[in-house]
Amino acid sequence: MTIEQQIEKELIPILEQVSDPEIPVLSIMDMGVVRTAIIENNKVKIQITPTYSGCPAMDVIGDDIQKALSDAGYQSEIELILAPAWTTDWITPKGRKALEDYGIAAPLDPISDKAALLEDQKIVKCTICGSQNTKLVSQFGSTACKALFKCGDCQEPFDYFKCLK
Amino acid sequence: MKEHLYKYILGIADNSLILGQRLGELCGHGPSLEIDIACTNISLDLFGQTRSYYQYAAKVKGEGATEDDIAFLRREREYVNLLLVEQPNKNFAQTMARQFLFDVYHFLLLQELEKSRDLTLAAIAKKSIKEVSYHLRFSSDWIKRLGDGTEVSHQKIQEAIDALWTYTDELFHQTEADKAMIAEGIGVDLTQFKDEYFEKVAATLEEATLKVPDTKWFQKGGKQGIHTEHLGYLLSDLQYMQRTYPNMEW
């Protein structure tokens with residue numbers, strides 16, 4: 001958790017049930033998109049921040065949060081905020097593990113990320129066989145947040161979650 | 001002040017809308033699957049940024065304006081995007097040359113806008129620049145690959161750069177709204193990074209074994225709403241649904 005985040009304890013289990021519609025193994029809490037969740041006069045006020053400006057999942061995430069909270073007996077109000085801007089640093093260690101298990105390589109740090117995307121160094125590990133003999137196919141993958149890689153050993157393609165800082 | 005701020009926001013946002021639309025045209029038509037996906041990803045980023053700007057512009061304007069009205073219901077002369085971004089895709093070299101010439105500018109602009117006294121604009125800039133640095137890397141790579149590629153790819157990308165160069169001077173023209181917003185500490189003084197822009201572009205072109213064109217005559221007008229013939233066709237596509245089914249939502 002980062003300093004700016006402010007989430008009431010009793011809401012955490014509810015919010016953990018909501019997942020990213022494009023990466024279903026990742027809860028929005030592990031993703032770090034929920035910035036505040038506070039209860040005021042029996043109403044939950046939530047602030048979420050998009051991963052990418054054009055992320056089409058944000059509307060769905062907002063609806064899913066409202067539904068989860070209403071199932072738990074809360075009324076809620078959702079606000080989309082832009083500052084501070086989301087970074088891949090906010091993905092929790094549990095979230096990173098979930099990504100890897102799902103077959104998406106977790107983001108590296110910005111310097112390694114650049115080296116990997118410029119193909120200077122082979123450092124992105126294949127999520128299937130673990131080989132580092134991998135090659136960037138495209139900087140833009142199936143969603144805005146991912147790049148597409150291919151493994152030179154097992155020959156399988158896989159996604160890499162791009163570092164965003 | 002309000003009127004100037006509104007126009008200032010559009011001056012930045014319209015570029016993202018129109019370029020996003022141009023790139024979106026490649027959806028399902030890209031030269032290869034990876035490029036198709038990359039171009040539409042960039043398009044999506046630009047549309048996302050446009051939405052943030054237009055939501056803010058609608059708030060500034062008041063009078064019940066919405067982001068959709070601003071995007072879909074203006075007339076051609078009311079769009080203040082750069083002539084560069086409305087130029088058609090024509091071929092892949094032209095698409096990448098247009099993207100590269102805009103991305104370098106976009107990145108430098110956002111770098112300054114991050115420091116704006118207007119907190120909403122600064123927040124949008126801080127968010128967008130992370131995405132734009134990926135766009136810039138993508139288009140720069142392609143300039144180098146095409147320029148330093150085969151004889152044919154070299155020739156095509158040089159032709160595209162030559163053809164679009166005439167639109168680069170306009171990037172740095174300042175409107176009344178620009179001047180008013182610079183005075184308020186909100187807007188970016190474009191002349192500040194003009195030299196840096198041309199240096200950066202020249203450095204990449206050199207690396208790509210390409211020549212900087214010696215164009216002497218430059219086109220202008222987009223920022224005043226006077227566009228090339230291409231914008232009208234683009235808008236008729238973009239606005240089709242709202243014009244045919246007014247007030248539709250989805």
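**Exercise 1. Determine how many helices and strands chain B contains, and state the pattern that they form along the sequence.**

Solution. In this predicted model, chain B has 11 helices and zero strands. Reading along the sequence of chain B therefore gives the pattern α-α-α-α-α-α-α-α-α-α-α, in accordance with the definition of helices and strands as DSSP runs.

**Exercise 2. Establish whether the radius of gyration of chain B agrees with or departs from that of a compact globule.**

Solution. Begin with the expected value: for 250 residues, a compact globule would have a radius of gyration near 18 Å. Next, take the value for chain B, which is 18 Å, in agreement with the expectation. The box filled by the C-alpha atoms of chain B, taken along the principal axes, is roughly 55 × 40 × 30 Å. Of the 250 residues in chain B, 46% are buried. Finally, consider the contacts in chain B with a separation of 6 or more: 74% of them join residues 24 or more positions apart.

**Exercise 3. Classify Gln219(B) as buried, partly exposed or exposed, and describe its surroundings.**

Solution. Gln219(B) lies in the loop between helix 9 (194–207) and helix 10 (230–238) of chain B. A residue is buried with 20 or more C-beta neighbours within 10 Å and exposed with 12 or fewer. Gln219(B) has 17 inside 10 Å, and therefore counts as partly exposed. Leaving aside residues up to four places away in sequence, Gln219(B) touches Leu83(B), Thr166(B), Tyr167(B) and Glu170(B). Thr166(B) is 53 residues from Gln219(B) along the chain, yet their C-alpha atoms are separated by 5.6 Å.

**Exercise 4. Describe the side of chain B that touches chain A.**

Solution. The contact takes 20 residues from chain B and 15 residues from chain A. On the chain B side, helix 2 (33–61) and helix 6 (119–147) each supply at least two residues. By class, that side has eight nonpolar, five polar and seven charged residues.

**Exercise 5. Give the strand order of the open sheet in chain A, and explain which strands stand at its edges.**

Solution. The open sheet has four strands in the order 1-4-5-6, with mixed pairing. Strand 1 (6–7) and strand 6 (75–80) of chain A each have a single partner strand, so one side of each lacks a neighbour in the sheet, and these two are the edges. Helix 3 (residues 57–71) of chain A packs on the sheet, touching strand 5 and strand 6; its direction makes about 160° with that of strand 6. Strand 4 (residues 34–40) and strand 5 (residues 43–48) of chain A pair in the antiparallel sense over six bridges. Within this chain, Glu40(A) has Lys43(A) of strand 5 as its bridge partner.

Note on methods: Residues numbered from 1 in each chain as written. Chains lettered and ligands numbered in written order. Predicted model: local features only at pLDDT ≥ 70, side-chain atom pairs only at ≥ 80, totals over all residues. Pairing = 2+ DSSP bridges. Contact = placed C-beta atoms within 7 Å. Axes fitted to C-alpha atoms, helices over the stretch in contact; angles between N-to-C directions. Rg over C-alpha atoms; globule rule 2.2 N^0.38 Å. Nonpolar A, V, L, I, M, F, W, Y, C, P; charged D, E, K, R; others polar.
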